[in-house]
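This report describes selected local features of one protein chain, taken region by region. The sequence and the structure come first.

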Amino acid sequence: MKIVQVVAGKGEGGLERHVLTLSGELAKRHEVLLIAHPSFNAPAGVHIAPLDLERSRWNPRLLWDVLRTVRRFMPDIVHVHANKAAAIVSHLCPFIPCRTVATLHNRKSSTRMFGSFDAVIAVSHGAAQSLRRRDVHIIHNGVASQEIAPETVADLKKQLKLQPDKPVFAAIGRFVKAKGFDLLLTAWREIPASLLLVGDGPERSTLEKLANGLPVQFLGWRKDVPSIIRAVDGVIISSRREGFPLLASEVLRAHQLLISTRVQGIEDILPSALLVPPDDPLALHNAITTALNDLQATRERCAPAWRYADAELTIERMTARVEQVYATLGK
């Protein structure tokens with residue numbers, strides 16, 4: 001099968017990582033072309049057509065560039081990701097001689113552009129609720145399994161000066177308002193544990209002021225996030241809004257404790273005792289305090305989510321389910 005994947009964003013966010021992961025896995029069995037910003041590095045086996053999709057979705061030259069690229073490849077499937085790519089390709093659907101698929105990665109107020117596609121995937125039930133169609137396929141984001149040697153984790157704990165008798169949690173992501181790190185720092189007052197903040201972004205100076213006097217380390221961007229996840233007692237997601245964060249899949253695949261705000265995707269999987277309302281620092285504070293009172297019991301509450309992650313939140317399972325959607329269109 002010949003498959004075109006289209007993504008309009010750029011950078012190293014969860015959306016972009018998802019598209020690269022899916023494209024690389026599909027390329028093991030199919031011929032895959034990725035239409036993306038020139039800054040993308042395609043996985044092994046994936047062809048890339050670098051296009052500047054940051055231009056206006058109404059730009060005639062952009063629409064022509066995308067259409068010409070698709071037609072030249074002559075695919076069986078065109079699969080677009082998120083609203084802007086869906087809006088661009090929705091204008092072109094009448095002129096594309098193959099079946100089309102779109103994935104919605106977050107709940108949106110306007111999803112009209114998804115009505116033109118032969119099939120639609122949503123990464124969570126919450127995202128699916130904003131779509132005006134009933135034939136939506138729910139496919140949660142999967143991640144690769146990570147084998148981390150115990151000595152690697154032990155070395156990292158020494159490097160970060162983590163004390164075995166003092167609990168430590170981590171929060172990981174881009175420092176933007178949507179991620180709610182300000183809420184987490186507000187909740188962290190009088191918490192008898194350390195906090196590692198992994199990431200960077202425009203909110204960093206504000207967060208550093210909020211963290212003044214708190215047991216918080218700012219680690220910046222790190223390439224050893226899988227090891228950090230395993231080195232701490234738990235991970236916290238404090239987002240105000242999300243689609244389905246890849247971080248949640250990574251934490252649960254690592255059989256690690258996760259406390260999260262009740263955002264899309266995670267609310268489908270995590271036990272309610274480990275979920276708190278968004279924008280509620282007091283509820284987040286209480287959930288963390290409860291977990292610290294008995295970490296082992298809290299980990300046991302996570303066990304059903306770990307089992308689900310092992311079965312469903314893998315790259316292989318995610319890709320197989322996407323392939324099933326493609327197959328239904330060929331019938």
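## Aromatic cluster

Phe175, Phe181 and Phe218 form one aromatic cluster. The model is a predicted one, and the values below are computed from it.

The count of aromatic pairs comes to three. One of these joins Phe175 and Phe181 in an edge-to-face arrangement, with 5.2 Å centre to centre and 75° between the planes. Phe175 and Phe181 are both buried. Phe175 also pairs edge-to-face with Phe218, at 6.1 Å centre to centre and with 85° between the planes. Phe175 lies in the loop between strand S8 (168-172) and helix H6 (181-187), and Phe218 lies in strand S10 (residues 216-220), so this pair ties together parts that are 43 residues apart in sequence. The two partners differ in burial: Phe175 counts as buried because its relative accessibility is 0%, whereas Phe218, at 21%, counts as partly exposed.

## Helix H1

Helix H1 covers residues 14-26, which is 13 residues. From its first C-alpha to its last, H1 reaches 18 Å, close to the 18 Å expected at 1.5 Å a residue.

Which residues of H1 are buried? They are Glu16, His18, Val19, Leu22, Ser23, Gly24, Glu25 and Leu26. The buried residues of H1 pack against four strands, namely S1 (2-7), S2 (31-36), S3 (46-50) and S4 (77-81). They also pack against helix H9 (246-253) and helix H12 (315-329).

## Helix H2 and its ends

Helix H2 (residues 60-73) has 14 residues, and its first and last C-alpha atoms span 20 Å, close to the 20 Å expected at 1.5 Å a residue. The buried residues in H2 are Leu62, Leu63, Asp65, Val66, Leu67, Thr69, Val70 and Phe73. The elements that cover them include S1, S2, S3, S4 and helix H3 (82-92). Strands S1, S2, S3 and S4 are also among the elements that the buried residues of H1 pack against.

At the start of H2, a side-chain oxygen of Asn59 comes to within 2.8 Å of the backbone nitrogen of Arg61. After H2 comes Met74, which has a positive phi, near 55°. Phe73, one of the buried residues of H2, has the charged end of Lys2 over its ring, 4.6 Å from the ring centre.

## Asn141

Asn141 is found in the loop between strand S7 (136-138) and helix H5 (150-159). Is Asn141 buried or exposed? Its relative accessibility is 3%, so Asn141 counts as buried.

The side chain of Asn141 reaches the backbone oxygen of Phe244 at 2.8 Å. With neighbours within four places in sequence left aside, Asn141 is in contact with His18, Val123, Phe244, Leu246, Ser249, Leu313 and Met318. Of these contacts, His18 is one of the buried residues of H1.

## Gly234

Gly234 lies in strand S11 (residues 234-237). Gly234 is buried, because its relative accessible area is 0%.

Gly234 and Val168 are 66 residues apart in sequence, and their C-alpha atoms are 7.2 Å apart in space. Val168 is also in contact with Gly234. Leaving aside neighbours within four places in sequence, the other residues in contact with Gly234 are Phe169, Ala170, Gln256 and Leu257.

Key. Residues numbered from 1 in each chain as written. Predicted model: local features only at pLDDT ≥ 70, side-chain atom pairs only at ≥ 80, totals over all residues. Heavy atoms only, no water. Helix = DSSP H or I, 4+ residues; strand = E, 2+ residues; numbered from the N terminus. Buried < 20%, exposed > 50% of the residue type's maximum accessible area, 1.4 Å probe, protein only. Polar contact = N/O pair within 3.5 Å; in protein donor to acceptor, adjacent residues only side chain to side chain. Contact = heavy atoms within 4.5 Å. Expected span 1.5 Å × (residues − 1). Phe/Tyr/Trp six-rings, centres within 6.5 Å; stacked < 30°, edge-to-face > 60°. Lys NZ or Arg CZ within 6 Å of the ring centre and 35° of its normal.
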